[in-house]
Amino acid sequence: MKRVIAVLMVLATFGMVFAQQGTSLTDPDPTIIGADSAKQALREVSVDLFEREGSWNARISSDNGVISSRLFDGSPASKEPMAENEGVTDERVLGVKVEFFRRGINSFYVTAARPIPIEGITKTVSVWVTGRNQGHNLYLLVQDYFGNNFEIYMGSLAFSGWKKMTAAVPPSPDGERGIVQQSAYYGERPGLRIIGFRIDCDPLLARGSYYLYFDDLRAVTDLYDMENRNEDDMIDNW
């Protein structure tokens, strides 16, 4: 009987954990990420639509292969448009082609021409991707408030067709370690910068040609401090 009670308690505990984190591990709940106060103003913002030539670059070590990138007409059919993008051209996607020289431990990068800033405290970052059902792994590359670089695992590309991939930005435990997005000791505006993506290839699958497409990079960010700042308040940037 004691063993049965212990098992039930463990199952109840796991149930509470999953209830707190949402119904899907691939869709983190931005309302509970780093929520140390009920005062939040979460907004979904558009980071980039992959519509401008030359705004993204692709690179790979010259020892591992050849890479190229360009824009294509198209868009995920199941993507829901944002109200703020009404009237904005959203008809193209970014395509990346890698031609591997040989199998091996390879990585390639898709980076913005310049870091893309996101105002507020970023909770999650999402992007639509086609994985071509290859077991490569996608990482989000970011730069925090102090200019430190970090990588966040977004998931495996072992799926077919378009998929919205979402990653949670882990909060700093003390404002000094980890990904720091704001500091009470400096007067600049809080925020995170998107550097781009890194794709770590499965050594057994890194051969021949591989195609990858990106569209609609978004973020859910907390703009509470910015939206509730009084108009007559001073800006601490002097």
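Colleague: What makes Arg198 and Asp200 a salt bridge?

Modeller: In this predicted model, their side chains meet at 2.7 Å, N to O. The cut-off is within 4 Å, so the pair qualifies.

Colleague: And why is Arg198 called buried?

Modeller: Its relative accessible area is 11%. Buried means under 20%, so Arg198 belongs in that class.

Colleague: What about Asp48 and Arg52: why do they count as a salt bridge?

Modeller: Their closest N and O atoms are 2.9 Å apart, and the limit is 4 Å, so that one passes too.

Colleague: Which of those two is buried, and which is exposed?

Modeller: Asp48 has a relative accessible area of 5%, under the 20% mark, so Asp48 is buried. Arg52 comes out at 53%, and exposed starts over 50%, so Arg52 counts as exposed.

Colleague: How do you know that Asp216 and Arg218 form a salt bridge?

Modeller: Again by distance: the closest N and O atoms are 2.8 Å apart, and within 4 Å is what the term asks for, so the name fits. Both residues are buried. Salt bridges with shared partners also join Glu44 to Asp216 and Arg218 in one network.

Colleague: How many salt bridges are there in the whole structure?

Modeller: A search turns up 9.

Colleague: Switching to nonpolar residues, which ones have the most contacts inside the largest core?

Modeller: Phe108, Phe197 and Phe214, in a core of 41 residues. Leaving out residues up to four places away in sequence, Phe197 touches a list that includes Trp56, Phe108, Met154 and Phe214.

Note on methods
Residues numbered from 1 in each chain as written. Predicted model: local features only at pLDDT ≥ 70, side-chain atom pairs only at ≥ 80, totals over all residues. Heavy atoms only, no water. Core = buried A, V, L, I, M, F, W, Y, C linked by side-chain atoms within 4.5 Å. Buried < 20%, exposed > 50% of the residue type's maximum accessible area, 1.4 Å probe, protein only. Contact = heavy atoms within 4.5 Å.
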